[in-house]
Amino acid sequence: MASTSLKSSVKGQCVITLCLRGYEYKDITVGILPDLCSDIIVGHDILKRHSSLQVTFGGEEALLDICSVAAANVEPAQLFTHLSPNCKPISIKSRRHTASDLQVIDSEIQNLPKEGIIEKSVSPWRAQVVVVTSENHRCRMAVDYSQTINRYAELDAFPLPRIDYIVNKVTSYKIYSLIDLRSAYFQVPIREEKPYTAFEASGQLYQFTRVPVGIRNGVLTFQRVMQKIVQDEDLKGVEMNLDNAIVGGLTQEEHDTNLKKFERRLCVKIQSHIEYG
């Protein structure tokens, strides 16, 4: 038990097929414990196959949704394939920020490490952060890489999909879903190139473990990762345009099958989607 000194020894084990809430899990190894408090305890080896777990308590308050930006089930991306020969570390002088901007920065710096998006750094590189306002008037922290690694990163020639091609594909579907991946770039891990992404914030030096916004070739790298998933896994009826996905089918059944396969491959939670028929 997690909070007490109680413990029990496993007396044996067996391999079973577990059917739970409409899902089937084959070749599951189950430990046998005496005087177990329930018929079966489902562990992380089962739970981690799903994007989330909802537990109903029957309380009077509305749903409490606590979640973080998890890394998608993809290979780490390589952001800096082509750097100019004269590449050398640059450390930008610290910037002054207004009191309101500091509140935004401090809030982000508290949350991003918890979600595994950034970590402490000892890099010789140092970019500076800025606070920008999005279209919905929400303030957020961004990193200005224009004077550091972006100066040496050569532009990736990977092509973005043509919008007219996507439109033509979508018109062939009877039913489709529009999916906007939450904090999409922050779901894709990067390789050992993390020191290039170092930046100063709240008096500390940090670096990204996922694809940062504002880095050169970040957009194209993300598109390459998504298209590779679609091709390698042979995901039918899936069209990717950066962090937007369209999943369709000629019938409701085909659409649902394609959507479920897309969810399972990326290990993402589709919180909502819009269907047109």
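Is Arg126 buried, partly exposed or exposed? In this predicted model, Arg126 comes out as partly exposed, because its relative accessibility is 26%. Its salt-bridge partner is Glu200, and the two side chains meet at 3.7 Å, N to O. Glu200 counts as buried because its relative accessibility is just 18%, the cut-off for buried being under 20%. The pair links distant parts of the chain: Arg126 sits in the loop between β3 and β4, Glu200 sits in strand β7, and their positions lie 74 residues apart in the numbering.

That salt bridge is one of 6 in the structure. Another brings together the side chains of Arg224 and Asp156, at 2.7 Å from N to O. Here Arg224 belongs to helix α4 (residues 218–232) and Asp156 to the loop between β5 and α3 (163–170), so the bridge ties together parts that are 68 residues apart in sequence. Arg224 is partly exposed, with a relative accessible area of 33%, whereas Asp156, at 19%, counts as buried. A further salt bridge joins Lys236 to Asp234 (3.2 Å, N to O). Lys236 is partly exposed at 48% relative accessibility, and Asp234 is partly exposed too, at 42%.

Now for the sheet that holds Glu200's strand. Its 5 strands form an open sheet in the order β3-β8-β7-β4-β5, and the pairing is mixed. β3 (118–120) and β5 (139–144) take the edges; each has a single partner strand, so one side of each has no neighbour in the sheet. From one strand to the next, the twist averages 45°. Within the sheet, β7 (residues 199–201) and β8 (residues 204–208) run antiparallel and are joined by 3 bridges. Ala201, for its part, has Gln204 in β8 as its bridge partner. Helix α2 (residues 99–114) packs on this sheet, touching β3, β4 (127–133), β5, β7 and β8, and its direction makes about 80° with that of β5.

Zooming out, the protein has 5 helices and 11 strands. Of its 277 residues, 35% are buried. Among contacts between residues at least 6 apart in sequence, 70% join residues at least 24 apart. The accessible surface comes to about 18200 Å², and carbon and sulfur atoms account for 51% of that.

Part of that surface is a nonpolar patch made by Val10, Leu33, Leu36 and Ile41, which together offer about 330 Å² of accessible area. Leu33 is found in the loop between β2 (23–32) and α1 (44–47), and it counts as partly exposed because its relative accessibility is 31%.

Definitions and conventions:
Residues are numbered from 1 along each chain as its sequence is written. Side-chain values use heavy atoms; hydrogens and water are left out. Patches are made of residues with over 30% relative accessible area and no salt bridge: like charges are joined within 9 Å, nonpolar side chains (Val, Leu, Ile, Met, Phe, Trp, Tyr) within 5 Å. Accessible areas come from the Shrake-Rupley method with a 1.4 Å probe; for residues, only the protein chains shown count as cover. A salt bridge is a side-chain nitrogen of Lys or Arg within 4 Å of a carboxyl oxygen of Asp or Glu. Helices (H or I, at least four residues) and strands (E, at least two) are DSSP runs, numbered from the N terminus. Buried means under 20% relative accessible area, exposed over 50%, partly exposed in between (1.4 Å probe, protein chains only). Two strands pair if DSSP finds at least two bridges between them. Axes are lines fitted to C-alpha atoms, for helices over the stretch in contact, and angles run from 0 to 180 degrees between N-to-C directions. Contact means heavy atoms within 4.5 Å.
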